[in-house]
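User: Could you take a close look at the sheet in this one for me? I'd like to know how the strands are arranged and what packs against them.

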Amino acid sequence: MRPLKRSILKYLKQFVIPFSGLPEGEHWFDFKIEKEFFECFENTDVLEADVLLRVQFIKRSTMLELQFGFSGSVKIECDRCLGPVNLPLEYDETIFVKFGNETYDEAAEVLVIPFGESEMDIGSIAYEIIYVALPMKRAHPDSECEEGVEEYISIEEEKEDKIDPRWEQLKNL
């Protein structure tokens, strides 16, 4: 992980939820996620972002439930032409948090935090959920790639469609 600068720590502090003083029940937190958020993490592909994160924080006596709701868009490099592409982001995820001596449970939707913790940093969780929500193929629709790239792509696709005659004979077996 990259060295944490004071400004990064200060920025990410807004994503820390102090739950020890909250009464049991439902609580709502809203966060605006922009480019600066992604710059706090290593290896980010996001060029720009305009995402609203709404967290429903449900506190119970034995566990916490966090329902993340993301809506907005992120700008990322196109996989084909490397130009910027704007991708819509609408995604919901629920994370359960248990209290225990372990620090992490292998179940993806269940986190374990130590007894006595009084706050929870949701910044890295939000970052991971956003990356999971992004499509695997990050590209413009076919007709919107930058000039010249589509011509090259169609030539490469034609090359892939041609089958070596030695392999063609195997189809007859």
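Analyst: In this predicted model, the sheet is an open one built from five strands, lined up as E2-E3-E4-E5-E6 with mixed pairing. The two ends of that row are E2, covering 25–34, and E6, covering 110–114, and each of these edge strands pairs on one side only. Going from one strand to the next, the twist averages 20°.

Let's start at the E2 edge. E2 runs antiparallel to E3, which spans residues 46–59, and 10 bridges join the two. If you want a spot to anchor your view, pick glutamate 26: its bridge partner in E3 is isoleucine 58.

Now for what sits on the sheet. Helix H3, residues 123–133, packs on it and touches E2, E3, E4 (63–77), E5 (84–100) and E6. As for its orientation, the direction of H3 makes about 130° with that of E5.

To put the sheet back into the rest of the chain: overall there are five helices and seven strands, and along the sequence they come in the pattern α-β-β-α-β-β-β-β-β-α-α-α. Of the contacts with a separation of 6 or more, 58% link residues 24 or more positions apart. On the burial side, 34% of the chain's 173 residues are buried. The accessible surface adds up to about 11,600 Å², and carbon and sulfur atoms hold 51% of it.

Terms used
Residues numbered from 1 in each chain as written. Predicted model: local features only at pLDDT ≥ 70, side-chain atom pairs only at ≥ 80, totals over all residues. Heavy atoms only, no water. Helix = DSSP H or I, 4+ residues; strand = E, 2+ residues; numbered from the N terminus. Buried < 20%, exposed > 50% of the residue type's maximum accessible area, 1.4 Å probe, protein only. Contact = heavy atoms within 4.5 Å. Areas by Shrake-Rupley, 256 points an atom, 1.4 Å probe, with all protein chains shown as cover. Pairing = 2+ DSSP bridges. Axes fitted to C-alpha atoms, helices over the stretch in contact; angles between N-to-C directions.
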